[in-house]
Amino acid sequence: MTVITGTQLGEITVEDGVIVRIDPDKTGPKVALPGLVDLHTHLREPGREDAETVESGSRAAALGGYTAVCAMANTSPVADTAGVVEQVWRLGREAGLVDVQPIGAVTVGLGGEQLAELGAMADSAARVRVFSDDGHCVHDPRLMRRALEYVKAFDGVIAQHAEEPRLTTGAQMNEGDVAARLGLTGWPAVAEEAIIARDVLLTGHVGARLHICHVSTAGSVELIRWAKSKGWRVTAEVTPHHLLLTEDLAVDYDPVYKVNPPLRTEADVLALRRGLQDGTIDCVATDHAPHSVEDKECEWAYARPGMLGLETALAIVVQTMGPQWDRITDWMSVAPAKIAGLAGHGHPLEVGQVANIAIFDPDVRWTVDPTALASRSRNTPYAGMELRGRVEATYLRGEPTVLNGKATR
C-alpha cells in the first residue's frame, strides 16, 4: 500500500496499483495530477545512445511527472518496422520508469517515398497507433492521403511535422527582422501553414485523424481553428518552449536556441497561448530532443535543432498559462492520452482509477542546471533560469518512480 499525502485533493491511498481511498480532510499546498503524458519525445535509442537512451529519457520523464511518453521514430535504424518498434517498447518495459509507447514512421526510412509497414506496426506487440516522420514532413500530398486512408482502418493517427521543404532550404531560424540582422536564412511561417492547410483539407476529405506537431505560428492556430469548425478530426500540440521563448534569444548565435520549427515572434507566442486556452490547440508536448555536445555546442549553422524539455515542461506551462490545474490536467494528461490511445493513462484521480500520479510542489523555486538533469544531453534553453514549481513525486501504477524530487532508480 502506498499513501501519498499533502495534496490539494487530500490523502490518497493506493492498493495494488489502484486508488482505493481519498481523504479530503487531509489537504496541503501540493498539487496531485494524473500522470503526465508526452505525445512527442525523442529517446534516440536505437542508434544515438550517446545523446539519450530509453532508460535515461524515461528517468527524465518520470522526474518531470510523466507516466507515459510517445517515442518518435527518427532513430537509427528508423522505427519503420514491427521489429524496431517492439525493440523500443521492450526497452521501455525493462526500464520500468514510464510507459514508452513507440510512434511508427509513416514512410520507409523517413524518406517520404514509400509507406512504411503501418499495419504490421499496428498489429505488433507495441500496438502502434500514432505514425510520424517527425523531423521530416510527409510532403507528397498523394502519399499523405494514402497514409491517412490506411490508418483510418484501425483508428490510427498521422502526426505531421508541418514544413514545406522547398520553402525552408538552408533555413536557420524564423524568417524576419532578427534573421536579417544576423545574416541567417529564414524559415517562413508560411512553410508550416501551407502544409497544415493542405493536410486539414485532406483529412476532411478522407475522414481520418490528423495531429499537427509543434504548432509555432499565429497563422497555424487560425487554420486549425477553421478546420475544427468544420468538424474535421484534427488535433494539435504546442511545446513549452514555443509558449515562452522567442526568436530574440538567438541574437548571440547561441545554438541552444536552434530548434525546428524555430522560435518565432512574441505575437506568435501570444497566439499560441490563446489557442491553447480556447481549445484550438489540444495539448502540450515537449518535443524533448537531446543532442550530444558535438552536435549542439558548435557554430549555429552546423548545430542540430532541438531542446530538452521533459523535466521542465510542467513548470514552464504553469509559468506561461497560470496554475489552471484542471486545464493543465487536460493539456498534459487527458488529451494526449486520448490522442495516443493510451487507455491506462489520462484518467482523473478518483477511487477505482489506476494510480498514475504526479505530485507537484508549486512553491519550490529551483535553478535549472544542465549537469543535474537526468538526460544524457545538456541542451536545455532554460540553463540558469529560476523556475517556480517542481515535481516532488511520480507514481506509475502505484509504484514510486520519483520521491522527494529524486528518481527511485
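The following exercises, with worked solutions, concern a predicted model of a protein chain.

**Exercise 1.** Determine where in the protein chain confidence is lowest and where it is highest.

*Solution.* Begin with the chain as a whole: its average pLDDT is 96, and 97% of the residues score at least 70. Next, consider the individual elements. Confidence is lowest in strand β1 (residues 2-4), with a mean of 57, and highest in strand β13 (residues 234-238), at 99. Where pLDDT is low, the predicted coordinates should not be read in detail.

**Exercise 2.** State whether the radius of gyration of the protein chain agrees or disagrees with that of a compact globule.

*Solution.* For 409 residues, a compact globule would have a radius of gyration near 22 Å; the protein chain has 20 Å, and the two therefore agree. The C-alpha trace spans about 60 × 50 × 40 Å along its principal axes. As to burial, a residue counts as buried under 20% relative accessible area, and 60% of the 409 residues meet this condition.

**Exercise 3.** Describe the open sheet of three strands and identify the strands at its edges.

*Solution.* First, establish the order, which is β5-β6-β7 with parallel pairing. Second, find the edges: β5 (36-41) and β7 (99-102) each have a single partner strand, so one side of each lacks a neighbour in the sheet. Neighbouring strands here are turned by 20° against each other on average, direction ignored.

Third, examine one pair. β5 and strand β6 (residues 66-71) are joined in the parallel sense over four bridges, and D38 stands opposite V69 in β6. Finally, add the helix: α12 (residues 325-340) lies across β5 and β6 and runs at about 55° to β5.

Technical notes
Residues are numbered from 1 along each chain as its sequence is written. This is a predicted model: local features need pLDDT of at least 70, side-chain atom pairs count only at pLDDT 80 or more; totals for chains, interfaces and linings use all residues. Side-chain values use heavy atoms; hydrogens and water are left out. pLDDT is the predictor's confidence in each residue, from 0 to 100. Helices (H or I, at least four residues) and strands (E, at least two) are DSSP runs, numbered from the N terminus. Two strands pair if DSSP finds at least two bridges between them. Axes are lines fitted to C-alpha atoms, for helices over the stretch in contact, and angles run from 0 to 180 degrees between N-to-C directions. Contact means heavy atoms within 4.5 Å. The radius of gyration is taken over C-alpha atoms; the globule rule is 2.2 Å times the number of residues to the power 0.38. Buried means under 20% relative accessible area, exposed over 50%, partly exposed in between (1.4 Å probe, protein chains only).
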